[in-house]
Amino acid sequence: MQELSFLWEGITSVTWQQLVMYGVGILLIWFAIKKDYEPALLLPMGFGAILVNLPMSAAINQTMAGIGETHGIIQWLFETGIAASEAFPLLLFIGIGAMIDFGPLLSNPKMFLFGAAAQFGIFLTIVFAVVLGFDLKDAASIGIIGAADGPTSILVSQVLNSNYIGPIAVAAYSYMALVPIVQPMAIKLVTTKKERMIRMPYAPGSVSKSAKIAFPIIVTFIAGFVAPDSVSLIGMIMFGNLIRECGCLNSLSDTAQNGLANLITLLLGITISFSMRAEQFVQPSTILIMVLGLVAFVFDTIGGCLLAKFINLFSKNKVNPLVGAAGISAFPMSARVVQKMGLQEDPTNHLLMHAVGANVSGQIASAVAGGIILGFFR
């Protein structure tokens, strides 16, 4: 009977906000399993959203014999891996760096331009957020959603001590997962069918092993002098890439790409749910943040397309605007979307290698953008 009493007490203490969060959690799990949208992240986030919103959840606070009240596992992970050191997002960047082949970018350095242009939505959205009444640091944290880079969004919002870490993380990872849906619509807003059919024959330049090894070292130096606050972001990506390219740490490279990246992704997904507690998450501002995040993402895509169209006004060798759209940080999803759209317009037009070059430049550019924001607003 006592168990039934506890059950009834728990059920009757559930608030409508917690019910909403149960729905959010189940929706994220459904997207992960049924739609295969970023399952490694959305499934832990969805399940975590349920865990932290159960009444008197021991995942947040628990009482232990001989110790008294102490932090539950999710709160401990959050305070250790994100709040105190930002360790989880940064460790994940090592794995991301180990996955990236910068060869297509080094063989066609022009793609750097699209990585830079595709950060336009970040800074535009910061202005919009300030106009709508958000604090400057919160506005900067919301704008970085446009990077389509979840770890960068979490890191920036945490360092800036934003009040909206949970909604920002959910928005960032949701739009990463929705790249195949959102990007085509944004691209078609500013391009014509004729532009999307522009052919770009791929003639890869020779990239030596020495150049691939030197690249992460040189980029780290440049980032350190130009945007010191980006060094933790850029440095971890480039460290992971150096492990990949050096040729003498193959087992560590495999570990970084698989074991480390998978473990940190799992922990990061369930840990960020600490910021998805009902009293913080179920607010009108959450919906506004989701909308602003979409604006940032769309205008980042548009920024890359418009730069390609501008270059085409003066260049003999035309650039397909689809490639410009791949300058966002969502690697390799955006490059795949560009390849698919190009083939839909012309089944013989393969844009993948150009898109990969732009896409990996977006990884660098989003980290630099995050560092610039931290430098200005911290």
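## A short tour from Gly240

Start by selecting Gly240, which you'll find in helix H15, residues 231–245. Keep in mind as you click around that this is a predicted model. Is Gly240 buried or exposed? Its relative accessibility is 0%, so Gly240 counts as buried. Now show its neighbours: leaving aside residues up to four places away in sequence, Gly240 touches Ile94, Gly97 and Ala98. For a longer view, add Ile142, 98 residues from Gly240 along the chain; the two C-alpha atoms are separated by 27 Å.

Next, select helix H5 (residues 87–99) together with helix H10 (residues 150–159). Their axes lie 9 Å apart and the helices pack at an angle of about 150°. Angles over 145 degrees count as roughly antiparallel, which makes that the label for H5 relative to H10. Turn the view to look at how they cross: the crossing of H5 and H10 is left-handed. To see what makes the contact, pick Pro89, Leu90, Leu92 and Phe93 on H5, then Pro151, Thr152, Ile154 and Leu155 on H10. Colour that contact by class and you get 7 nonpolar residues, 1 polar and no charged ones.

Last stop: the cysteines. Select Cys246 and Cys248. Why is there no bond from Cys246 to Cys248? The sulfur of Cys246 has its closest cysteine sulfur in Cys248, at 3.6 Å, and that is too far for a bond, because a disulfide needs the sulfur atoms within 2.5 Å. The disulfide count by this rule is 0. While you're here, switch on the surface: Cys248 is exposed, with a relative accessible area of 62%.

Note on methods:
Residues are numbered from 1 along each chain as its sequence is written. This is a predicted model: local features need pLDDT of at least 70, side-chain atom pairs count only at pLDDT 80 or more; totals for chains, interfaces and linings use all residues. Side-chain values use heavy atoms; hydrogens and water are left out. Axes are lines fitted to C-alpha atoms, for helices over the stretch in contact, and angles run from 0 to 180 degrees between N-to-C directions. Helices (H or I, at least four residues) and strands (E, at least two) are DSSP runs, numbered from the N terminus. Angles under 35 degrees count as roughly parallel, over 145 as roughly antiparallel, 65 to 115 as roughly perpendicular and the rest as oblique. A crossing is left-handed if the near helix is turned anticlockwise from the far one by less than a right angle, and right-handed if clockwise. Contact means heavy atoms within 4.5 Å. Ala, Val, Leu, Ile, Met, Phe, Trp, Tyr, Cys and Pro count as nonpolar, Asp, Glu, Lys and Arg as charged, and the others, Gly among them, as polar. Buried means under 20% relative accessible area, exposed over 50%, partly exposed in between (1.4 Å probe, protein chains only).
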